[in-house]
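Work through the exercises below with the sequence and the structure side by side, and try each task before reading its solution.

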Amino acid sequence: MSTRTHQWRGVVEEYRDLLDIPADTPAVTLREGGTPLVHSEWLSGLTGATVHLKVEGNNPTGSFKDRGMTAAISVAKAGGAEAVVCASTGNTSASMAAYAAKAGLKPLVLVPEGKIAAGKMAQAIVHGAQVIMVRGNFDDCLAMARGLAAEYPVALVNSVNPVRLEGQKTAAFEIVDFLGDAPDYHLLPVGNAGNISAYWLGYTQYAELGLASRRPVMRGFQAAGAAPLVTGEPFPDPETKATAIRIGNPASWHLAEQAAKESEGRFASVTDEQILAAQRELASRDGVFVEPASAAGIAGMLQELAHGDTYAGSTVVVTVTGHGLKDTATALEGVGALVDTVVDADVTAAAAAAGLA
Ligand SMILES: N[C@@H](CCOP(=O)(O)O)C(=O)O
């Protein structure tokens, strides 16, 4: 079983011996990885399982994308690239822009017009990216990014670049290093499907190396309005408030299906209402504030419990992929009445308003 210890030099240095990247590639790092596994008393109590949250919002740009991006930008820089491009629903562009800035590369971002959370857009812009808004959805943007990289001197760093998955698989390594073995179940949101694919790569590699005795059952959750892996058909017009997973034709579709099949797992969909309710419950019960899409795995677990499924007695990890501060507008939808209490600067008035008097 895993007995690896860490100094947290960033995921490329921590796991260089396990990553399929050119030897001696200098790491462009913001000290990503090493994110906490937070025990969820709430979900453990509901399920009778030991449930941990892998809180990926604690990465430098606030999402799991940093794990793959340190690898992709390191390899692009070492290979002589001067510019990098990605299509994004927000997090990938924020991450790419930050790591490109660190590496001295020019970042170019393609995003669906009007569908990017303000926090993510701010990150990309302030890190110096050129942001092009596209009249289309993420899938259109990814097709354009592929076309630009094929025809112009710019390196593509979406997760169709296999180096991204190499970096992202380190989250699975960390979980096993922390728990001492793989969990029984791993739940997570699925959009472009690179993350579930990368976790499966990581768990498989550790099992093959004898660092884990088993691989978890993988369960992926999509938004009902963007659930191609559930229906088996691309969604031409994906729609959900969970913009990070507003994707109709995931790039890693087949890898993700393989992960679900080999692990005897599955995909399911949850509504936006379920996602936003799970986001609020997670924040108020466990103290972990995630962006809407990141709550899809939690919403999925709650849905399964309601349908009579049980995790009792098992160890479960739920990845929450990005920080809640990235999209405060959506988080505050529906809770407005709770935050508009205004009083004069007076203790008695505050006590009355708080119901203390
Ligand atoms: N949700 C992603 C979409 C891009 O996916 P990637 O797997 O290519 O990084 C984002 O944050 O942009």
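**Exercise 1.** Find how far an oxygen atom of the ligand is from an N or O atom in the side chain of Thr 92, and decide whether the pair is a polar contact.

*Solution.* In this predicted model, the distance from the ligand oxygen to the side-chain N or O atom of Thr 92 is 2.6 Å. A polar contact is a pair of N or O atoms within 3.5 Å, so the pair qualifies. The side chain of Ser 159 can be treated in a like manner, with an N or O atom 2.5 Å from an oxygen atom of the ligand. Next, Arg 164 has a polar side-chain atom that lies 2.8 Å from a ligand oxygen. Finally, of the 340 Å² of accessible area that the ligand has on its own, the protein covers 97%.

**Exercise 2.** Describe which residues surround the ligand, and how they divide by class.

*Solution.* Begin with the count, which is 13 residues, the closest being Ser 88, Thr 89, Thr 92, Asn 158 and Ser 159. Then sort this shell by class, which gives three nonpolar, eight polar and two charged residues. The space that the ligand takes is the largest cavity.

**Exercise 3.** Turn to the largest pocket, and work out which helix gives the most to its lining.

*Solution.* The largest pocket holds about 180 Å³ of space, and among the 14 residues that line it, Ala 117, Thr 243, Asp 327, Ala 329 and Thr 330 are the closest to its centre. Helix H5 (118-126) and helix H14 (328-332) each supply at least two lining residues, and H14 gives the most, with three. By class, the lining has five nonpolar, four polar and five charged residues.

Definitions and conventions: Residues are numbered from 1 along each chain as its sequence is written. This is a predicted model: local features need pLDDT of at least 70, side-chain atom pairs count only at pLDDT 80 or more; totals for chains, interfaces and linings use all residues. Side-chain values use heavy atoms; hydrogens and water are left out. A residue is near a molecule or strand if one of its heavy atoms lies within 4 Å of it. A polar contact is a pair of N or O atoms within 3.5 Å; within protein, one must be able to donate a hydrogen and the other to accept it, and residues adjacent in sequence count only if both atoms are side-chain atoms. Accessible areas come from the Shrake-Rupley method with a 1.4 Å probe; for residues, only the protein chains shown count as cover. On a 1 Å grid over the protein atoms alone, a cavity is a set of points where a 1.4 Å probe fits but cannot get out, and a pocket is an open set with protein on both sides within 12 Å along at least five of seven lines; lining residues have an atom within 4 Å of a point. A molecule sits in a cavity or pocket if more than half of its atoms lie within 2 Å of its grid points. Ala, Val, Leu, Ile, Met, Phe, Trp, Tyr, Cys and Pro count as nonpolar, Asp, Glu, Lys and Arg as charged, and the others, Gly among them, as polar. Grid points are joined across faces, edges and corners, and a volume is the space filled by probe spheres set on the points. Helices (H or I, at least four residues) and strands (E, at least two) are DSSP runs, numbered from the N terminus.
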